[in-house]
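Let's take a walk through this fold together, strand by strand, and then see what packs against what. Keep the structure open beside you as you read.

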Amino acid sequence: MGQRVYFAAEQNTCFQLQCCGSNRSFDMAIMDNSQREVIHLHRPLKCNSCCFPCCLQELEITSPPGQVIGYLKQKWTCWIPEFDVCSADGAVVLKIVGPCCTCSCFNDVEFNVFNPDKSQQVGKISKQWSGVVKEMFTDADNFGITFPLDLNVKMKAVMLGACFLIDFMFFEDSGGDNSHH
């Protein structure tokens, strides 16, 4: 891997960790190497089911903490996960479209990033295959994010938040077992 740039720390209650599993709400502080919070992520508690389109996942991203810079909003679809990457005023800046199956058997799982009308792929979020032992016996995951170099720095922070939400929704242990966290 490379040099550590940021450190993420989830702030949560024992009740939510044990009872809600990967569907839990959370506040996550993303800190620089001086332990200063530079980005804050907030996910409210909502169902994680395609059967309830009124309870779609959302993530609010603030930087500095308290100043909203963008949102990630899940779109209702039957089969393929889709998210809108939105600016602070709610305008759709990018779209993220995932695969029908998020099982990572010996391969990376890619969520493609598109321009707002989905006519051009501009990046991706990849859950990277880490090998049989790590995948089977730990809850640790490696992700990669690519996006346009000229993307606004605030939207880059929203994309970082998208990586965390995708991890929670599709790759975290949802049984409430906190032994790997």
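A good place to begin is the pair β2 and β3, which run antiparallel and are joined over six bridges. Helices (H or I, at least four residues) and strands (E, at least two) are DSSP runs numbered from the N terminus, and two strands pair if DSSP finds at least two bridges between them. This is a predicted model, in which local features need pLDDT of at least 70 and side-chain atom pairs count only at pLDDT 80 or more, while totals for chains, interfaces and linings use all residues. Residues are numbered from 1 along each chain as its sequence is written, and side-chain values use heavy atoms, with hydrogens and water left out.

Within that first pair, methionine 28 has leucine 41 of β3 as its bridge partner. The two strands form a hairpin with five residues between them, and glutamine 35 in the turn has a positive phi of about 65 degrees. On the other side, β1 and β2 run antiparallel and are joined by five bridges; here phenylalanine 7 is the bridge partner of methionine 31 in β2. Strand β2 is mostly covered, with five of its six residues buried (under 20% relative accessible area; exposed is over 50% and partly exposed in between, with a 1.4 Å probe and protein chains only).

Aspartate 27 also belongs to β2, which spans residues 26-31. Is aspartate 27 buried, partly exposed or exposed? Its relative accessibility is 25%, so aspartate 27 counts as partly exposed. Leaving aside neighbours within four places in sequence, aspartate 27 is in contact (heavy atoms within 4.5 Å) with Ala9, Glu10, Gln11, His40, Leu41 and His42. One of these, histidine 40, is 13 residues away in sequence and 7.1 Å away in space, C-alpha to C-alpha. With histidine 42, the side chain of aspartate 27 makes a side-chain polar contact at 2.9 Å. A polar contact is a pair of N or O atoms within 3.5 Å; within protein, one must be able to donate a hydrogen and the other to accept it, and residues adjacent in sequence count only if both atoms are side-chain atoms.

Now step back to the whole sheet. Ten strands make an open sheet in the order β1-β2-β3-β4-β5-β6-β7-β8-β9-β10, with antiparallel pairing. β1 (7-11) and β10 (142-146) stand at the edges with a single partner strand each, so one side of each has no neighbour in the sheet. On average, neighbouring strands are turned by 20 degrees against each other, direction ignored; axes are lines fitted to C-alpha atoms, for helices over the stretch in contact, and angles run from 0 to 180 degrees between N-to-C directions.

Further along, β5 (residues 68-74) and β6 (residues 82-87) run antiparallel with five bridges, and lysine 73 stands opposite aspartate 84 in β6. Three bridges join the antiparallel β7 and β8, where isoleucine 96 has valine 113 in β8 as its bridge partner. β8 is in turn joined by six bridges to β9 (residues 121-128), again antiparallel, and valine 109 is partnered by lysine 127 in β9. The β8 and β9 hairpin has six residues between the strands, and its lysine 118 takes a positive phi near 60 degrees.

The last element to visit is helix α3, residues 153-170. Its 18 residues reach 26 Å from first C-alpha to last, close to the 26 Å expected at 1.5 Å a residue (1.5 Å times one less than the number of residues). Asparagine 152 caps the N-terminal end of α3, with a side-chain oxygen 2.6 Å from the backbone nitrogen of lysine 154. Buried residues of α3 include Met155, Val158, Met159, Leu165, Ile166 and Phe168.

What does the largest nonpolar core hold? Such a core is a set of buried Ala, Val, Leu, Ile, Met, Phe, Trp, Tyr and Cys residues joined through side-chain atoms within 4.5 Å. Of its 29 residues, Leu41, Leu72, Val85, Ile96, Ile125 and Met159 touch the most other members. α3 gives the most to this core, with ten residues. Methionine 159 touches Val85, Leu94, Ile96, Val113, Ile125, Ile145, Phe147 and Leu151, not counting residues up to four places away in sequence.
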